[in-house]
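Got the viewer open and a selection box ready? Let's walk through this one stop by stop.

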Amino acid sequence: MPTISWIINWHWSLNNNEIILKMLYYITLTIELPWGIFITIFLNSLFLWYLQFNKKNSLKLIILICTIILIGQGIKSFIKIYIKEPRPFTVLFKKNNNFNNKSFYFLYIKNNNLFIKNIFTNKKLIPNWLYKYWKYENNSSFPSGHTLFAVTWALLGSGLLWSNHHYKTVISLMLWALIIMESRLILGMHWPKDLLVSILISWFLVIIMYWLAHIWFKLLILLK
């Protein structure tokens, strides 16, 4: 999906139905605190229930999964420090106020509450809840931490559960990750390349996890 969006040169705009925007907003919140913690606990428990490992291997699997998730978020935060990519919604500021995207973005980070309020409150260009969300998400765009989190879980589910015939769960995880990515685009939070790079990072981390699992407690043998 992000690859196709990138190839066709898709551009974000705030022309979507507010009901759709609100639905995508609630879905994207499943990644954020505190819901992201609940999702992690739930999916770890679900995987262990499906796989029926003993206590020792269950603990190892939880440690590996949580470590990979945390490393992914750490990589995301590290990259964001050095690559100050403006989020797509800043295009609105440029179009309506003749700002340069990047120069505005640094002002936005420095004093985002006052700046957005002065520009948007009276013009009513965006729903109030989205306005508040943009104020909250004041870091840079590249890469997407939401995509990293969701895609990592989807890939873990595919590798751990598909061979055990838990097809519905794997497909559900993939659809959830896809909708998360779509929500990040539609809400003006990320560019397609942000999602694509996050997918590649997730894939790389999951490959490492399977390699470590194979060495640590021969998970691949247990799954056969």
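The tour starts with the whole chain, then moves to a pocket, its helices and two loops.

**Before you click.** This is a predicted model, so local features need pLDDT of at least 70 and side-chain atom pairs count only at pLDDT 80 or more, while totals for chains, interfaces and linings use all residues. Numbering runs from 1 along each chain as its sequence is written, and side-chain values use heavy atoms, with hydrogens and water left out.

**Stop 1: the whole chain.** Switch to cartoon and you get twelve helices and zero strands; helices (H or I, at least four residues) and strands (E, at least two) are DSSP runs, numbered from the N terminus. Of the 224 residues in the chain, 48% are buried. Here buried means under 20% relative accessible area, exposed over 50%, and partly exposed in between, with a 1.4 Å probe and protein chains only. Turn on the surface: the accessible area is about 12100 Å², and 67% of that belongs to carbon and sulfur atoms (Shrake-Rupley method, 1.4 Å probe; for residues, only the protein chains shown count as cover). Among contacts (heavy atoms within 4.5 Å) between residues at least 6 apart in sequence, 77% join residues at least 24 apart.

**Stop 2: the largest pocket.** Select Ile31, Glu32, Leu33, Gln73 and Lys76, which lie nearest the centre of the largest pocket among its 22 lining residues. Helix H3 (35-51), helix H4 (55-82) and helix H9 (145-161) each give two or more residues to that lining, and H4 gives the most, with six. The pocket holds about 510 Å³ of space. On a 1 Å grid over the protein atoms alone, a pocket is an open set of points where a 1.4 Å probe fits, with protein on both sides within 12 Å along at least five of seven lines; lining residues have an atom within 4 Å of a point. The volume is the space filled by probe spheres set on the points, which are joined across faces, edges and corners.

**Stop 3: Lys76.** Stay in helix H4, where Lys76 sits. Is Lys76 buried or exposed? At 14% relative accessibility, Lys76 counts as buried. Leaving aside neighbours within four places in sequence, Lys76 is in contact with Pro143, Ser144, Gly145 and Leu148.

**Stop 4: H3 and H9.** Select H3 and show its buried residues: Gly36, Thr40, Leu43, Asn44, Leu46, Phe47, Leu48 and Leu51. Just after H3 comes Gln52, with a positive phi near 55 degrees. Now go to H9: 14 of its 17 residues are buried, so H9 is largely enclosed by the rest of the structure. Measuring along H9, its end C-alpha atoms are 24 Å apart, which agrees with the 24 Å its 17 residues should span at 1.5 Å a residue (1.5 Å times one less than the number of residues).

**Stop 5: two loops.** Jump to Leu187, in the loop between helix H10 (167-186) and helix H11 (192-217). Leu187 is buried, with a relative accessible area of 0%. Beyond four places in sequence, its contacts include Trp12, Tyr25, Trp129 and Trp134. Tyr25 is 162 residues away in sequence, yet the two C-alpha atoms are 7.3 Å apart.

Finish at Ser13, in the loop between helix H1 (2-7) and helix H2 (18-28). Ser13 is partly exposed, at 30% relative accessible area. Draw a distance from its C-alpha to that of Gly188, 175 residues along the chain, and it reads 7.5 Å.
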